[in-house]
Amino acid sequence: RCSASPHVSNMPVAARQPPGAAFNAVNVFLHHPVAGHIVEGLHWTLLCLAAGLVAPFVLAYKCVRAIRAAMAGELELAETERGRFGIFISGCDSGFGKTAALSLAGRGYTVFAGCLTPEGGAALREAAAGGERLVPVALDVTKDASVDAAVAAVDEAFFSSSEAAC
């Protein structure tokens, strides 16, 4: 007999005890054609239920990690890559739009800043201290013609300069 095998007991044959009546009854029940399928179905139901209960916590954990990484700057593009992408922000005359435009342009992104008034665009350009990556664009989001003109201005400014750089 091989003593290294985990399935072979080193106990003498006479000393081994049978598994018992309860174990045999469970074994017979689980191998019954109908009961076996029901037990297997319950097993997978409980497993899927447990996964469904755990999934929202895993999602929340991953979202928190992504937000922390973004806030720490770990998800930022390399500085050499930032100019290749154009970011359009509306409402840049003041408030969050202005702050976001100045921040992104200062970090090397090409920012198309939608401003309602020419004065807002000039003030934004002045606040950027001559940053070439900040392009004020006239935009009134309540007028379709203004939105179309802004799209055309971005196409002309971004794609003509991108093709020239290639």
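Helices here are DSSP runs of H or I with at least four residues, numbered from the N terminus. Keep that in mind as you look around this predicted model.

**Stop 1: just past helix 5.** Select A129. This residue comes just after helix 5 and takes a positive phi of about 55 degrees.

**Stop 2: the whole protein.** Now zoom out and color by secondary structure. You should find six helices and three strands, and reading along the sequence gives the pattern α-α-α-β-α-β-α-β-α. Of the 166 residues in the protein, 17% are buried. If you turn on the surface, you are looking at about 12200 Å² exposed by the protein, with carbon and sulfur atoms supplying 66% of it. Among contacts with a separation of 6 or more, 42% are between residues 24 or more positions apart.

**Stop 3: helix 5 and its two faces.** Select residues 118-127, which form helix 5. Which of its residues are buried? They are G120, G121 and L124. These residues lie on the same side of helix 5, because they cover an arc of only 100 degrees around the axis. Now rotate to the face turned away from the buried side: there you meet the exposed residues P118, E119 and E126. Next, show what covers the buried residues of helix 5; helix 4, strand 2 and strand 3 (134-138) are included in that cover.

**Stop 4: the largest nonpolar core.** Select I89, C92, A101, L104, A105, Y109, V111, A113, C115, L124 and L134 and show their side chains. Together these 11 residues make up the largest nonpolar core. Helix 4 (95-106) and strand 2 (110-115) each supply at least two residues of this core. In soluble globular proteins, nonpolar side chains tend to be buried together.

**Stop 5: A113 and its neighbors.** Stay in the core and center on A113. Leaving aside residues up to four places away in sequence, what does A113 touch? Its partners are I89, C92, A101, L124, L134, V135, P136 and V137. From here, look for another core that lies apart from the largest one: this second core has six residues, among them V137, A150, V154 and F158.

**Stop 6: a nonpolar patch on the surface.** Finally, select L46, L49, L53, V54 and V58. These residues make a nonpolar surface patch of about 480 Å². Pick out L53, which sits in helix 2 (residues 33-71). Is L53 buried or exposed? L53 counts as exposed because its relative accessibility is 55%, and the cut-off for exposed is over 50%.

Conventions: Residues are numbered from 1 along each chain as its sequence is written. This is a predicted model: local features need pLDDT of at least 70, side-chain atom pairs count only at pLDDT 80 or more; totals for chains, interfaces and linings use all residues. Side-chain values use heavy atoms; hydrogens and water are left out. A nonpolar core is a set of buried Ala, Val, Leu, Ile, Met, Phe, Trp, Tyr and Cys residues joined through side-chain atoms within 4.5 Å. Buried means under 20% relative accessible area, exposed over 50%, partly exposed in between (1.4 Å probe, protein chains only). Contact means heavy atoms within 4.5 Å. The arc is that of the directions from the helix axis to the C-beta atoms. Patches are made of residues with over 30% relative accessible area and no salt bridge: like charges are joined within 9 Å, nonpolar side chains (Val, Leu, Ile, Met, Phe, Trp, Tyr) within 5 Å. Accessible areas come from the Shrake-Rupley method with a 1.4 Å probe; for residues, only the protein chains shown count as cover. A salt bridge is a side-chain nitrogen of Lys or Arg within 4 Å of a carboxyl oxygen of Asp or Glu.
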